Amino acid sequence: MIRNEENGWKIDFSTEKPPTPLLDTINFPIHLKNLNLQDLDQLAAELRADIVYSVAGTGGHLSSSLGVVELTVALHHVFNTPEDRIIWDVGHQAYSHKILTGRRSRMHTIRQTSGLSGFPKRDESAYDAFGVGHSSTSISAGLGMAVARDLLGKKNHVVTVIGDGAMTAGQAFEAMNNSGYLDSNLIVVLNDNKQVSLPTATLDGPASPVGALSSALTKLQASNKFRQFREAAKTITKQIGGATREVAAKVDEYARGMISAPGSSLFEELGLYYIGPVDGHNVEDLVTIFQKVKAMPAPGPVLIHIVTEKGKGYPPAEAADDKMHGVVKFDPKTGKQFKSKSSTLAYTQYFANALIKEAEVDEKIVAIHAAMGGGTGLNHFQKKFPERCFDVGIAEQHAVTFAAGLAAEGLKPFCAIYSSFLQRGYDQVVHDVDLQKLPVRFALDRAGLVGADGPTHCGAFDITYMACLPNMIVMAPSDEAELMHMVATAAAIDDRPSCFRFPRGCGIGIPLPCDNKGTPLEIGKGRILREGSRVAILGYGSIVQTCIKAADSLINHGITVTLADARFCKPLDSELIRRLVNEHEILITVEEGSIGGFGSHVCHFLSLNGLLDGHLKLRSMVLPDRYIDHGSPQDQIDEAGLSSRHIAATVLSLLGRPMEALQLQ
Amino acid sequence: MRCGVILPGTSTAPVHLRHGAGTVSWIPPKRPGLRAAGLKARAAVEEGGRVGASFYDLLGISEGGSLEEIKRAYKKMARKYHPDVSPPDLAGEHTRRFIELQEAYETLSDPSRRARYDKDLARGLRFAFSSRRRFDQELEEKSAWKNRWQDQLETLKRRSVQRDSTENLSWGARIRRQRDGVSIE
């Protein structure tokens, strides 16, 4: 039940679908136009109830959407989407936007195979102006759209919504700097909820905001001397009385300088007109401001600083340490999540445990991450070694070069950045780390397909972009024990950079090294897991487990394949590969990465050494040359053609038994 | 065009109640929006250990007490609990009590503040003392914000009218002048 009481709207959260009489009349933003402010307040309350109910059933990002309900309602009420463009930075807060733009009936499919994407996506809806997922891109895109509008002579508005966390990335400043210079009409909404790092940053709850930017933003919200200055300013203007326009304007500027919030000069210096702070949960305030700015002929770039609370309106989210940022299915009444029990930990956890163990014996080991303490497992490292763990905010480029600086002085930095996020710091990897041969260790989590987050977060390219670098050692564990050994290996590699990749997901349940302490592996040496004949499968990374399943299923067809775990993509185990080629007719390489990775390196090696001139049938199984949509991990693997069935089918076809290949389950 | 006006004295203290059935309900204040008010309310009610006592209980008087009664009760209590006259082992406890008494007196002796307090009390709220002050501060802060952005909007509006005059050489201004076909001013 959602009731209007004298203090505001009261929402009873329960497992029943909440009655939402007003929201039921809204299919598209045009239906918002004739609502009055009271209706908009009611709509916000109903939206909240709807989001909680919907996400409780599907899992996804909860609290960020709850924090911007009023903002979304105000934006769609004032602006005329889709002609007016709204760009959501990162996009995980856009659930209410999706509900209001014709996708309410499909919200129960969000982040699932063939369902709605968890982030705005251009080919999903005309109301999603720009595809997002990685942060801090919205202002750049918005400026591009604004400039295009100007060149094409159109009159629509462009609004970008960016959070205070995303604001710490360099790209946001690059965009603001450029927008100040170009002076195109653009509205930037800075959604400030004091969550500069994700609330999962530390084990003990939200991290104190990272960086100088947050203290600047906090100062903006203080209003100590404000009233006095304002009164003084008004008196001055009054006394001047019938002054000419220029003088009045000058006085205004001066008065404004006195009354403007300390710190707003940060944005003013970049050329954006600062308005705020504004209560981001007050629909009336937001509507007033947006209407006024919309009505102005040439405001130029404007930054509206709104203050919101993450998870607002849902008490379990407000109270939770991690604010229920990303959740699995939960009970709406209590907020308790239905986390499935797994007998093994996530790879992320094994990595963190192994790194902690290494750091216990070697005090030169330090860890760096980019605002992803929980996601990388480094929140555990931070708890044990608070002075040796560095959260740089959403700044991957800086993280890499910062690590390079640490390495140059003899420390042993481990840079834990997701495979797809490291793309942002690639030049730094090449130029600052690899070119100078500095021993920075990269722990690439979320390598390969990642399931519900979809292609924006998919780590398809890291093998390719790391293995082509001359000095980089590139390795991948096939299970959690191998992962711990590789952490130790990386710690031991002190003369050149190294990296290892591991997927999203849990371990397979293999016995771990004693006390979580791995042993360094011999560099450039793989291992044979099974001996067979005629056919050899050479897997790289966690997909070796899938190869094992394929090998098992082939036994039923009377085929015993040789199974090898390459461990290293660079340097390749040339001895192992030569042996496989010489002793088998068929060699299949398998990896969960794009073209240009492990398979390509093997192929190149074979061709250079004349090993393709003979009897060998070589096939490389890689991710296909297209983006795989979000969905369940199994669906994605099937779509990519890398399931155990596909591997077994490839073997059978090469052996001249295509009918059996087609009949595989 | 609406100019939001905050009427003094319409503070809406949010309520956080736990029903017997276990439903968690929360009232977001309609006007003005108080950030985290619900969370603070809950924290406030649990804070400080003096959950049950109202200002009236502290002073030992009835709820309808006159100003004279309040003054007398305060003087009596203050003499008892003043840190200078309390025995050393009870100094901490007495000091705390004294501070609470002060706040009780300040609230109840001011008619408008007392009215607000009585209203809360009628609704069954016993806020710990410091958080009530926090609410008031937040309210003040929010209305200060509003004044500030209203001013900022005014200035922007004035600026924007003159923005595309021919002196402005920015890319945006040039394109806008071209597009509008006329040069402003």
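This passage describes a pocket, an annotated domain, one helix, two individual residues and the second chain of a predicted model.

The second largest pocket encloses about 490 Å³ of space. Its lining comprises 22 residues, of which A:Val132, A:Gly133, A:Pro455, A:Thr456 and A:Tyr627 lie closest to the centre of the pocket. When the lining of the second largest pocket is sorted by class, 10 residues are polar, eight are nonpolar and four are charged.

According to an unreviewed UniProt entry, residues 345–510 of chain A carry the annotation "domain: Transketolase-like pyrimidine-binding". Over this stretch, helix accounts for 43% of the chain and strand for 14%. The C-alpha atoms at the two ends of residues 345–510 are 11 Å apart.

Helix 21 of chain A, formed by residues 544–555, was examined for its length and for the placement of its buried residues. With 12 residues and 1.5 Å a residue, a span of 16 Å is expected for helix 21, and the distance of 17 Å between its end C-alpha atoms agrees with that value. The buried residues of helix 21 are A:Val544, A:Thr546, A:Cys547, A:Ala550, A:Ala551 and A:Leu554. Viewed down the axis of helix 21, these buried residues fall within an arc of 150°, and they therefore line one face of the helix.

Two further positions in chain A were considered individually. A:Gly374 is located in helix 14, which covers residues 373–376 of chain A. The relative accessible area of A:Gly374 is 26%; because this value lies between the limits of 20% for buried and 50% for exposed residues, A:Gly374 is classed as partly exposed. A separation of 346 residues in sequence lies between A:Gly374 and A:Phe28, and their C-alpha atoms are 37 Å apart in space.

A:Met324, by contrast, occupies a loop of chain A, between helix 12 (315–319) and strand 9 (326–327). The relative accessibility of A:Met324 is 3%, and this residue therefore counts as buried, the cut-off being under 20%. Between A:Met324 and A:Ala443 there are 26 Å in space, C-alpha to C-alpha, and the two residues are 119 residues apart in sequence.

Chain B contains one strand and seven helices. In sequence order, the elements of chain B follow the pattern β-α-α-α-α-α-α-α. Chain B has 185 residues, and 46% of them count as buried.

Notes:
Residues are numbered from 1 along each chain as its sequence is written. Chains are lettered from A and ligands numbered from 1 in the order in which they are written. This is a predicted model: local features need pLDDT of at least 70, side-chain atom pairs count only at pLDDT 80 or more; totals for chains, interfaces and linings use all residues. Side-chain values use heavy atoms; hydrogens and water are left out. On a 1 Å grid over the protein atoms alone, a cavity is a set of points where a 1.4 Å probe fits but cannot get out, and a pocket is an open set with protein on both sides within 12 Å along at least five of seven lines; lining residues have an atom within 4 Å of a point. Grid points are joined across faces, edges and corners, and a volume is the space filled by probe spheres set on the points. Ala, Val, Leu, Ile, Met, Phe, Trp, Tyr, Cys and Pro count as nonpolar, Asp, Glu, Lys and Arg as charged, and the others, Gly among them, as polar. UniProt positions are given in the numbering used here, feature names are shortened, and annotations may be inferred rather than shown by experiment. Helices (H or I, at least four residues) and strands (E, at least two) are DSSP runs, numbered from the N terminus. The expected span of a helix is 1.5 Å times one less than its number of residues. Buried means under 20% relative accessible area, exposed over 50%, partly exposed in between (1.4 Å probe, protein chains only). The arc is that of the directions from the helix axis to the C-beta atoms.
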